[in-house]
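Please find below a short note on the structure, set out as numbered points. It may be read alongside the model itself.

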Amino acid sequence: MFQNFDDDSSINLVAPRVKALRTRLIKLKLDGLIVPREDEYQGEYVPAANERLKYISGFGGSAGTAIILARKAALFVDGRYILQAPKQTDTKLYSIVDIMQTAPSQWLAATVKKGMEIGLDPRLHSETAVKAYRDRLAAKGARLVLLDENPLDADWHGRPELPDTPVVIQPTRFAGRTSEQKRKALAAEMKQAGHDFLLIAQPENIAWLLNIRAADVPHTPFALSFGLLNKNGSFDWFIRKSRVDTTVRAHIGSGLRLHRQGDMLAKLKALKGKTVAFDPSNTPAWFAEHMPNANLVRVTDPCALPKAAKHKAEIKASIAAHEMDGAALCNFLAWFDKNAGKGKLTEICAAKQAEACRAASGKLLDLSFDTISGTGPNGAIVHYRVTEKTNRPIKPGDLYLIDSGGQYQQGTTDVTRTVLVDGGKVPVGAIDAFTRVLRGHIALAMASFPPGTSGMQLDTLARAPLWEVGLDFDHGTGHGVGSYLSVHEGPQRISKGGTVALQEGMIVSNEPGYYKANAFGIRIENLQYVTAAKKSKGARAMMGFEALTLAPIDRRLIDKSQLSTSDIKWLDAYHKRVQKTLLPMVDSATRGWLKANCKPL
């Protein structure tokens, strides 16, 4: 299996680890240390060897920051983890702070005293983040110290080895363009802008640019590495040479030069007088610190938008991946409906069955993230990870939430369904809340919008039905998704902070939800892609969305009286498409279930 359910909680180790770190900070004459979730590659998902935040705090979520001072410590998390964080860390040591309310730099500025020195590993923080800390501290008469060595690493005994997996090809038929074509297009932009080199520090952008994948990060097919794109289209790739065989090198094409990662510093110093572009928001500050004699130009990584706005070949491949995944999910949901009401299932056995259904296709390369399998109150923990310790029996009348996805060579999937377990009483308020979430989902799915529209402008559509009765959810409505890459991909997102304009071919999730603490969680998630602008009845051409995800939405939890005629029309059309597409693909035992669950409302 790609997922394990071990209880890797380390809450009992947090206090001695913090004590050891504080002792080391005293020796270094530092008053504190900032520890982010990100590693040297600025990714959301990191290998075990780089789980520094989890090591020092016990918190295992995909986003967060810890600040450890001599007498205080704080753990900053977003709304997805407000319920999870207190269960994973020592709350006698750490205050849990909502990062959307108080940024770490704000908290630090309000806490430090004049003359204090706070340490930071510049390999783990972007230049933008470092500037925010430095400016805030300077305003209080304190100083930020960039460290050559991370003091946390010195006491991390038994630290896992860094991954070193073989690099594999992502076929051009799925990528749409060759690496040489992509590099040539970016090089032309560089020449026009007067840039000699582009520093690429994010492995997902290297994977896209070179049409390669690897398995260095759990559930995310990255080769952890750095690169420099030359204005002539050649590429200096800092990765161990033995990982890249002759077949992969031939696939990447001409202009490829391989270097050891240890040679990166010498290469940076050799760029004296050259104009080097880099993205300050996604590149570790360490790089700029070691190019003092280069002409540094700060840009948004030019790989980001063409990676996000999928080629037609990538969309075609993603459609195929979602059809495979949809058939697997329907096989699971049919099995679940048949067995869950008997009271013998648990969250773990359901998660295992969902993975087995995907693996039966023979095409599954990995999960796209650990399956969120939560029943009853566990469903209210937005990014819940079930373990042997937390595993809960699935009972009649529960709302069961499963958020899951697969990695296929054709694409990355991510889908959430919330279903009622037969045989018990529906929780109070569940049907009303589910229907409101569904209304928000449909409103976003049906949206028409002019070119230039950002995710922020659409976010309200998914929240409005909940807002009507004073409800909301504390996560974004939608995130970008890669093409057999990261399940969370930028720069586009549908959220209160989504400022990037949506473009044709971008894949985004549509996942409004509602979470009643200690009772139940509801989320309905489809992936959808942005369609080309088309002439409408009015004068302006409008863009829209086309659903990629195919799976029935539980009719038992819908209050039809809340739905408008257009809501019902959309849902019936969606279910008709689900049945037509998947009926030939599902197991024979699933066909009756699929027909019953795709009937017109």
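1. In this predicted model, the lining of the second largest pocket is composed of 11 nonpolar, 3 polar and 10 charged residues. The pocket encloses about 520 Å³ of space. Two helices, H11 (264-269) and H12 (285-289), are the elements that each contribute two or more residues to the lining of this pocket.

2. Which residues lie nearest the centre of the second largest pocket? They are Glu40, Tyr41, Leu162, Phe226 and Gln261, out of 24 lining residues.

3. Why does the second largest pocket lie between domain 1 and domain 2? The reason is that its lining draws residues from both domain 1 (11-155) and domain 2 (168-307). A student may wish to display the two domains in separate colours when looking at this pocket.

4. The next point concerns cavities. The structure contains 5 cavities with a volume of 30 Å³ or more. For the largest cavity, the volume is about 80 Å³.

5. The lining of the largest cavity consists of Leu333, Phe336, Asp337, Val419, Pro552, Ile553, Asp554, Arg556, Trp593 and Asn597. Sorted by class, this lining has 6 nonpolar residues, 3 charged residues and 1 polar residue.

6. Which helices supply at least two residues each to the lining of the largest cavity? These are helix H14 (312-339) and helix H19 (588-597). The largest share, 3 residues, comes from H14.

7. The remaining points turn to strand E8, which spans residues 197-200. Its side chains point in two directions: Phe197 and Leu199 point one way, whereas Leu198 and Ile200 point the other way. Are these four residues of E8 buried or exposed? All of them are buried.

8. Strand E8 pairs with strand E10 (residues 226-230) in the antiparallel sense, and 4 bridges connect the two. Within this pairing, Phe197 has Asn230 of E10 as its bridge partner. Phe226, which falls within the range of E10, is also among the residues nearest the centre of the second largest pocket.

9. How do strand E8 and strand E13 (residues 275-278) run, parallel or antiparallel? They run parallel and are joined by 2 bridges. In this pairing, Leu198 of E8 stands opposite Ala277 of E13. Strand E8 therefore has an antiparallel partner in E10 and a parallel partner in E13.

Terms used: Residues are numbered from 1 along each chain as its sequence is written. This is a predicted model: local features need pLDDT of at least 70, side-chain atom pairs count only at pLDDT 80 or more; totals for chains, interfaces and linings use all residues. Side-chain values use heavy atoms; hydrogens and water are left out. On a 1 Å grid over the protein atoms alone, a cavity is a set of points where a 1.4 Å probe fits but cannot get out, and a pocket is an open set with protein on both sides within 12 Å along at least five of seven lines; lining residues have an atom within 4 Å of a point. Grid points are joined across faces, edges and corners, and a volume is the space filled by probe spheres set on the points. Ala, Val, Leu, Ile, Met, Phe, Trp, Tyr, Cys and Pro count as nonpolar, Asp, Glu, Lys and Arg as charged, and the others, Gly among them, as polar. Domain bounds come from an automatic or database domain assignment. Buried means under 20% relative accessible area, exposed over 50%, partly exposed in between (1.4 Å probe, protein chains only). Two strands pair if DSSP finds at least two bridges between them.
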